[in-house]
Amino acid sequence: MSRAEHPDHGMIKSLDLAGNPSGPLAGLDVVVKDLFDIAGEVTAFGSPDWAARTGPALAHAWIVQRLLDAGARITGKTTTVELAFGLEGRNLHYGTPINPAAPDRLPGGSSSGSVAMVAGHRADVGIGSDTGGSVRIPASYCGLYGLRPTHGIISLAGAAALSPSFDVPGWFARDADTMRRVGACLLPPARSLPGIFLKIAPAFANADPAVIAALQPALDRLGPPGEIDPVPEGLDRLLAAQRAVRDRETWTTLGGFIELHPSRDPLIAARFAGVKPATAEAAEAGLILRRAFTARMHAVLGGGAILVMPTSPCPAPLRTEDQPALDTIRTRTLRAGIITAFAGLPELTIPVAKVDGAPVGLSLIAAPGSDLALLDCAAALNLA
């Protein structure tokens with residue numbers, strides 16, 4: 001079948017890999033972002049040049065094998081932003097999937113294909129990856145549940161890397177029970193959370209007033225939650241530190257490839273040109289703040305509190321939005337999204353509201369290792 005078989009849906013190649021028929025995930029159809037290896041298939045990583053330099057994978061990525069062992073059926077590989085470097089969901093080479101929840105808007109990226117397939121009811125579960133928001137933001141934009149797990153809790157063996165100390169696998173589903181069902185097969189057990197909710201004040205200040213108003217009914221059902229500012233240095237300083245670390249890692253990871261194969265997409269080429277000058281000294285300064293911030297967040301969350309914030313500061317941008325506007329939205333989105341990414345925390349986004357007919361999500365954040373308990377909490381709250 002053609003690699004561009006279903007570009008509007010997000011599917012780039014249909015597959016039919018049967019899982020263990022007696023496993024706990026039997027009956028679930030799962031699609032996989034095209035940066036995870038599937039044995040016998042070429043991993044393109046959103047780039048024709050990347051695809052051309054690699055042969056078919058010799059083995060499944062860890063997460064693919066685990067899903068098959070648990071009974072899931074793998075039905076396809078899905079579009080990703082080129083080299084997973086973007087939040088809008090566009091790909092010059094393989095197409096930009098339609099956002100089924102808001103067709104005039106972008107689906108979000110870089111896991112755009114997986115989110116579109118699940119939101120369009122063409123799969124039950126979509127596997128993606130999240131470095132700075134690429135599971136959480138597409139989920140918010142397309143009206144799905146999406147989990148960014150604790151960093152390192154799920155193996156990335158067999159996955160292409162962007163920035164290893166931030167990269168995690170994650171997944172999408174349309175309901176909390178399916179999210180929990182998958183989590184039970186991928187995650188270790190976790191102690192239950194007591195249900196103490198605290199709003200992250202600067203993340204709410206970063207969001208559009210219409211988004212805050214739309215989320216209010218869900219917030220009221222939580223208590224309403226108290227409020228905390230765990231980022232006294234400010235989100236902009238945190239983002240600058242995160243970028244210093246990420247940029248150095250990204251160029252170290254992919255710079256050699258980019259030097260040999262410059263992107264044919266001007267936007268992706270510009271992003272890699274921006275990370276190339278990153279220095280070890282700047283990255284080390286960023287790591288100092290990262291260590292302090294991580295320790296602070298662990299202390300805040302150590303007693304079982306759950307932090308709450310808008311997943312995205314606005315609904316998905318229109319497909320016709322110009323690049324300067326998209327760049328502004330991207331910065332605002334990353335400003336809050338890096339809170340969990342910088343500290344390696346689990347974050348679950350829940351589809352709770354709409355603004356101008358487009359979905360917006362509410363995120364729940366817990367202590368590292370509390371992933372399964374967070375999924376249990378979401379299922380019990382039934383906010384969607």
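## Sorting the lining residues

Here Ala, Val, Leu, Ile, Met, Phe, Trp, Tyr, Cys and Pro count as nonpolar, Asp, Glu, Lys and Arg as charged, and the others, Gly among them, as polar. Let's put that to use on this predicted model, beginning with its cavities.

## The second largest cavity

The second largest cavity holds about 70 Å³ of space. Its lining is made up of Leu87, Glu88, Ile137, Tyr141, Pro317, Leu326, Ile329, Arg330 and Thr333. By class, that lining has six nonpolar residues, one polar and two charged.

Which helix gives the most to this lining? Helix H11 does, with four residues. Helix H4 (136–142) is also a contributor, as H4 and H11 each supply at least two residues.

## The largest cavity

The structure has two cavities of 30 Å³ or more, and the largest has a volume of about 110 Å³. Of the 13 residues lining the largest cavity, Thr131, Gly132, Arg246, Arg330 and Leu334 are the closest to its centre. Arg330 is also listed in the lining of the second largest cavity.

Helix H8 (235–260) and helix H11 (323–343) each bring at least two residues to the lining of the largest cavity. The split by class here is five nonpolar, six polar and two charged.

## Cysteines

How many disulfides are there? The count is zero. Cys314 is in no disulfide, and the nearest cysteine sulfur, that of Cys142, lies 13 Å away.

Are Cys314 and Cys185 buried or exposed? Cys314 is buried, because its relative accessible area is 7%, under the 20% cut-off. Cys185 also counts as buried, at 9% relative accessibility.

Note on methods:
Residues are numbered from 1 along each chain as its sequence is written. This is a predicted model: local features need pLDDT of at least 70, side-chain atom pairs count only at pLDDT 80 or more; totals for chains, interfaces and linings use all residues. Side-chain values use heavy atoms; hydrogens and water are left out. A disulfide is a pair of cysteine sulfur atoms within 2.5 Å. Buried means under 20% relative accessible area, exposed over 50%, partly exposed in between (1.4 Å probe, protein chains only). On a 1 Å grid over the protein atoms alone, a cavity is a set of points where a 1.4 Å probe fits but cannot get out, and a pocket is an open set with protein on both sides within 12 Å along at least five of seven lines; lining residues have an atom within 4 Å of a point. Grid points are joined across faces, edges and corners, and a volume is the space filled by probe spheres set on the points.
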